[in-house]
Amino acid sequence: MTMGTEKIDHIGIAVKSIDEKLVFYSELLGLKYEGSEEVAEQKVKTAFLKVGESNLELLEPTSPDSAVAKYLESRGEGIHHIALAVNNIEQKIEELIQKGVRMIDEKPRIGAHNKKIAFIHPKSTGGILLEICEEQLI
Ligand code: ZN
């Protein structure tokens, strides 16, 4: 098994209403809708649309104090984060911290699809909220 970063797993897009935006992404654009899921910890509802090996992840806040709600308030709808798939997230976080990268999450948390995820601070990435994620085999 190679250690490293495998692919762009998904691109997270903040939206006010998933149902509304599904009309464009699924019906008009023709992407395959893979279902919705609520991530209680992050106070968002997510919907995944398949693009080859990657996905678009629509994010709709479920509470006004969700980070995505604050994002929508200050910047409006748009690209919220880019997620890279890694195959050992604990090790990757460790490496990044040792290299002086500023992490938002120094320990993985659980995101949509039961994946382990961690966010890297935009100060370290050129202004992009970058997520790393690892599929958990259960
Ligand atoms: Zn994500």
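Helix α2 (67–75) provides six residues to the lining of the largest pocket, the largest share from any element. The model is predicted, and its largest pocket holds about 420 Å³ of space. Elsewhere, a zinc ion has four protein donors, H10, E57, H81 and E131, and the largest nonpolar core consists of ten residues. The points below treat the pocket, the cavity, the zinc site, the core and selected residues in turn.

**Largest pocket**

- The lining of this pocket comprises 22 residues, and those closest to the pocket centre are A67, V68, H80, F119 and L129.
- Both α2 and β5 supply at least two residues each to the pocket lining.
- V68, one of the residues closest to the pocket centre, is in contact with L59 and with P61.
- H80, also listed among those closest to the centre, is likewise touched by L59.

**Largest cavity**

- One cavity of 30 Å³ or more is found when the whole structure is searched.
- The volume of the largest cavity is about 120 Å³.
- Its lining is formed by 16 residues, with E57, G111, A112, I117 and E131 lying nearest the centre.
- At least two lining residues come from each of β1 (5–14), β3, β4 and β7 (116–120).
- Strand β3 makes the largest contribution to the cavity lining, with three residues.
- E57 and E131 are among the residues nearest the cavity centre, and both are also donors of the zinc ion.

**Zinc site**

- The zinc ion is bound through NE2 of H10, OE of E57, NE2 of H81 and OE of E131, at distances of 2.1 to 2.5 Å.
- Along the chain, these donors have the spacing H-x46-E-x23-H-x49-E.
- Because E57 belongs to strand β4 and H81 to strand β5 (residues 78–86), this pair ties together parts of the chain that are 24 residues apart in sequence.
- The angles among the four donor atoms run from 84 to 167 degrees, and the site is irregular.
- Four donors would count as tetrahedral only if all angles lay between 85 and 135 degrees, so the range of 84 to 167 degrees falls outside that class.
- For reference, the ideal angle for four tetrahedral donors at a metal is 109.5 degrees.
- E57 has a relative accessible area of 5% and is buried.
- H81 is also buried, at 3% relative accessibility.

**Nonpolar core**

- The largest nonpolar core is made up of I13, V15, I18, L22, Y25, L31, A47, L49, L56 and L58.
- Three elements, α1 (18–28), β3 (44–51) and β4 (54–61), each contribute at least two residues to this core.
- The largest share comes from α1, which gives three residues.
- Y25, one of the core residues, touches I13, G30, L31, L49, L56 and L58 when residues up to four places away in sequence are left out.

**Residues L59 and P61 of strand β4**

- L59 lies in strand β4 and is buried, with a relative accessible area of 4%.
- Beyond residues up to four places away in sequence, L59 has contacts with G12, I13, A14, V15, V44, K45, T46, V68, H80 and H81.
- These contacts of L59 include the zinc donor H81 and the core residues I13 and V15.
- The C-alpha atoms of L59 and E38 are 9.5 Å apart, with the two residues 21 positions apart in sequence.
- P61 also lies in strand β4, and outside its neighbours within four places in sequence it contacts V15, K43, V44, S66, V68, A69 and L72.
- Between the C-alpha atoms of P61 and S36 the separation is 13 Å, across 25 residues of chain.

**Positive phi values**

- Most residues other than glycine have a negative phi.
- K43 is a non-glycine residue with a positive phi, near 55 degrees, and is placed in the loop between β2 (32–39) and β3.
- K43 is partly exposed, at a relative accessible area of 31%.
- N114, which is not a glycine, has a positive phi of about 60 degrees.
- The loop between β6 (109–110) and β7 contains N114, which is partly exposed at 32% relative accessibility.

Note on methods:
Residues are numbered from 1 along each chain as its sequence is written. This is a predicted model: local features need pLDDT of at least 70, side-chain atom pairs count only at pLDDT 80 or more; totals for chains, interfaces and linings use all residues. Side-chain values use heavy atoms; hydrogens and water are left out. A nonpolar core is a set of buried Ala, Val, Leu, Ile, Met, Phe, Trp, Tyr and Cys residues joined through side-chain atoms within 4.5 Å. Buried means under 20% relative accessible area, exposed over 50%, partly exposed in between (1.4 Å probe, protein chains only). Helices (H or I, at least four residues) and strands (E, at least two) are DSSP runs, numbered from the N terminus. Contact means heavy atoms within 4.5 Å. Donors are N, O and S atoms within 2.8 Å of the metal (3.2 Å for Na, K and Ca); water is not among the atoms, so sites may look incomplete. Four donors count as tetrahedral if all angles lie between 85 and 135 degrees; four count as square planar and six as octahedral if opposite donors are over 155 degrees apart and all others between 65 and 115; anything else is irregular. On a 1 Å grid over the protein atoms alone, a cavity is a set of points where a 1.4 Å probe fits but cannot get out, and a pocket is an open set with protein on both sides within 12 Å along at least five of seven lines; lining residues have an atom within 4 Å of a point. Grid points are joined across faces, edges and corners, and a volume is the space filled by probe spheres set on the points.
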